[in-house]
Amino acid sequence: MPVIAYANPSRFLAITDRVLPWLTAATVLAFAFGISQIYLAPDDYQQGATVKIMFIHVPAAWLGTFAWVLMSAAALGTLVWRHPLADVAAKAAAPIGAAFTLMCLVTGSLWGRPMWGTYWVWDARLTSVLVLFLMYLGVIVLWRTIEEPTQAAKVAAVLTLVGAINIPIIKYSVDWWNTLHQGASVLRLGGSAIHSTILLPLLVMIVAFTLLFLTLHLAAMRNEIMRRRLRTMLLTQADAGA
Amino acid sequence: MTMDLGPHAAFIVTAYAAAVAIVAGLVLWVVLDRRHLTRTLEDVEAQGITRRSRRAGGTS
């Protein structure tokens, strides 16, 4: 069966109906394992126990940017192939991406106060992530403002692709500018700079949060398909009664 | 067995509390939205309004 066949909304609903319970169970198990590893992880020699904030801050940062990349891929699906499931994927991802970006900002500030002596600095990394959060809000407002879903999808897709320029800025801001935020320490040339006793729980939590994202995204996509079907039914009925 | 979070315990606990609140908010949003949509769909179908594919004998 060609891959495009799986992008049929009815087939998508049938597949996700079977997949979601397993994905939910995998998410719960991954979090249980991750939390046990956090409990066992030693304090950092410089940060002390504050390093535990990194176990939620780093996955949140990863998902905040990942969701925008996913929305950008979906935006191409909307503009190039005009596929309705691409619209649904983009719309469902926006609030989830916004929530994880907010989590990244809040946990980062709470880590920054004891470690840097301030909740916030206007350095390139922090500012570009704040811009990402504001762009998420902009896309969500667009989806809510334009009533016709196909029209809203096109406008949101253009804004998403324009906003995608911020993703490499976020990633490389710590290299391009002199920032208070540290450089890459998990994914970098020459291997991770983090000791294995802290890296393991961090990687497990990244997996757990990613599974959570996928679970929430699929569930939100199912809701959006249902909302569109409901809208179509009501419009068809209104046309018939007119 | 309790965990010693050191002098910055308040920041660590607040960060985790914020993360839990945000995740709980997301889960609630998805679940309540689903519940609302299901109820509305049932109400609409009770009024005799159905999808075109269902009227035509389709399965989707």
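# Report on a Predicted Two-Chain Helical Model

Ala24(B) lies in helix H1 of chain B. With 10 C-beta neighbours inside 10 Å, Ala24(B) counts as exposed, because a residue with 12 or fewer such neighbours is placed in that class. Along the chain, Ala24(B) is 21 residues from Met3(B), and the C-alpha atoms of the two are separated by 24 Å. The structure that contains these residues is a predicted model.

## The two chains

The secondary structure of chain A consists of seven helices and zero strands. Read along the sequence, this gives the pattern α-α-α-α-α-α-α. Taken along the principal axes, the C-alpha atoms of chain A fill a box of roughly 70 × 35 × 30 Å. Among the contacts of chain A with a separation of 6 or more, 77% join residues 24 or more positions apart. Chain B, for its part, has two helices and zero strands.

How much of each chain is buried? In chain A, buried residues make up 37% of the 242 residues. In chain B, 12% of the 60 residues count as buried.

## Helix lengths

The following table sets out two helices, one from each chain.

| Helix | Residues | Distance between end C-alpha atoms | Expected span at 1.5 Å a residue |
|---|---|---|---|
| H1(B) | 38 residues | 55 Å | 56 Å |
| H2(A) | 28 residues | 39 Å | 40 Å |

For H1(B), the reach from the first C-alpha to the last is close to the expected value. For H2(A), the distance between the end C-alpha atoms agrees with the expected span.

Each of these helices is followed by a residue with a positive phi. After H1(B) comes Gly48(B), whose phi is near 90 degrees. Just after H2(A), Arg82(A) takes a positive phi of about 55 degrees, although Arg82(A) is not a glycine. Arg82(A) is found in the loop between H2 and H3 of chain A. It has 12 C-beta neighbours inside 10 Å and therefore counts as exposed.

Another exposed residue of chain A is Tyr39(A), which has 11 C-beta neighbours inside 10 Å. Tyr39(A) belongs to helix H1 (residues 9–40) of chain A. Although Tyr39(A) and Pro201(A) are 162 residues apart in sequence, their C-alpha atoms are 9.1 Å apart in space.

## Where the chains meet

In this model, 27 residues of chain B are in contact with 32 residues of chain A. The largest share of the chain B side, 19 residues, comes from H1(B). By type, the residues on that side divide into 17 nonpolar, six polar and four charged.

Two packed helices are described by the angle between their axes and the distance between the axes. Helix H3 (residues 84–116) of chain A and helix H1 (residues 9–46) of chain B pack at an angle of about 175 degrees, with their axes 9 Å apart. Angles over 145 degrees count as roughly antiparallel, and H3(A) and H1(B) are therefore roughly antiparallel to each other. On the H3(A) side, the residues that make the contact include Pro95(A), Ile96(A), Ala99(A), Leu102(A), Met103(A) and Trp111(A). On the H1(B) side, they include Phe11(B), Ala15(B), Ala19(B), Ile22(B), Leu26(B) and Trp29(B). The residues of this contact divide into 16 nonpolar, three polar and one charged.

Which residues of H1(B) are buried? They are Phe11(B), Ile12(B), Ala15(B), Ala19(B), Leu26(B) and Val30(B).

## The nonpolar core

In soluble globular proteins, nonpolar side chains tend to be buried together. The largest nonpolar core of this model has 67 residues, of which Met71(A), Ala89(A), Ala90(A), Ala93(A) and Ile96(A) touch the most other members. The elements that give two or more residues to this core are helix H2 (54–81), H3, helix H4 (124–145), helix H5 (149–163) and helix H7 (196–241) of chain A, together with H1 of chain B. Which element gives the largest share of this core? H3(A) does, with 18 residues.

Ala93(A) offers a closer view of the contacts in this model. Not counting residues up to four places away in sequence, Ala93(A) touches Ala67(A), Leu70(A), Met71(A) and His217(A).

Conventions. Residues are numbered from 1 along each chain as its sequence is written. Chains are lettered from A and ligands numbered from 1 in the order in which they are written. This is a predicted model: local features need pLDDT of at least 70, side-chain atom pairs count only at pLDDT 80 or more; totals for chains, interfaces and linings use all residues. Axes are lines fitted to C-alpha atoms, for helices over the stretch in contact, and angles run from 0 to 180 degrees between N-to-C directions. Helices (H or I, at least four residues) and strands (E, at least two) are DSSP runs, numbered from the N terminus. Angles under 35 degrees count as roughly parallel, over 145 as roughly antiparallel, 65 to 115 as roughly perpendicular and the rest as oblique. Two residues are in contact if their C-beta atoms, placed from the backbone, lie within 7 Å. Ala, Val, Leu, Ile, Met, Phe, Trp, Tyr, Cys and Pro count as nonpolar, Asp, Glu, Lys and Arg as charged, and the others, Gly among them, as polar. A nonpolar core is a set of buried Ala, Val, Leu, Ile, Met, Phe, Trp, Tyr and Cys residues joined through C-beta atoms within 7 Å. A residue is buried if 20 or more other C-beta atoms lie within 10 Å of its own, exposed if 12 or fewer, and partly exposed in between; C-beta atoms are placed from the backbone. The expected span of a helix is 1.5 Å times one less than its number of residues.
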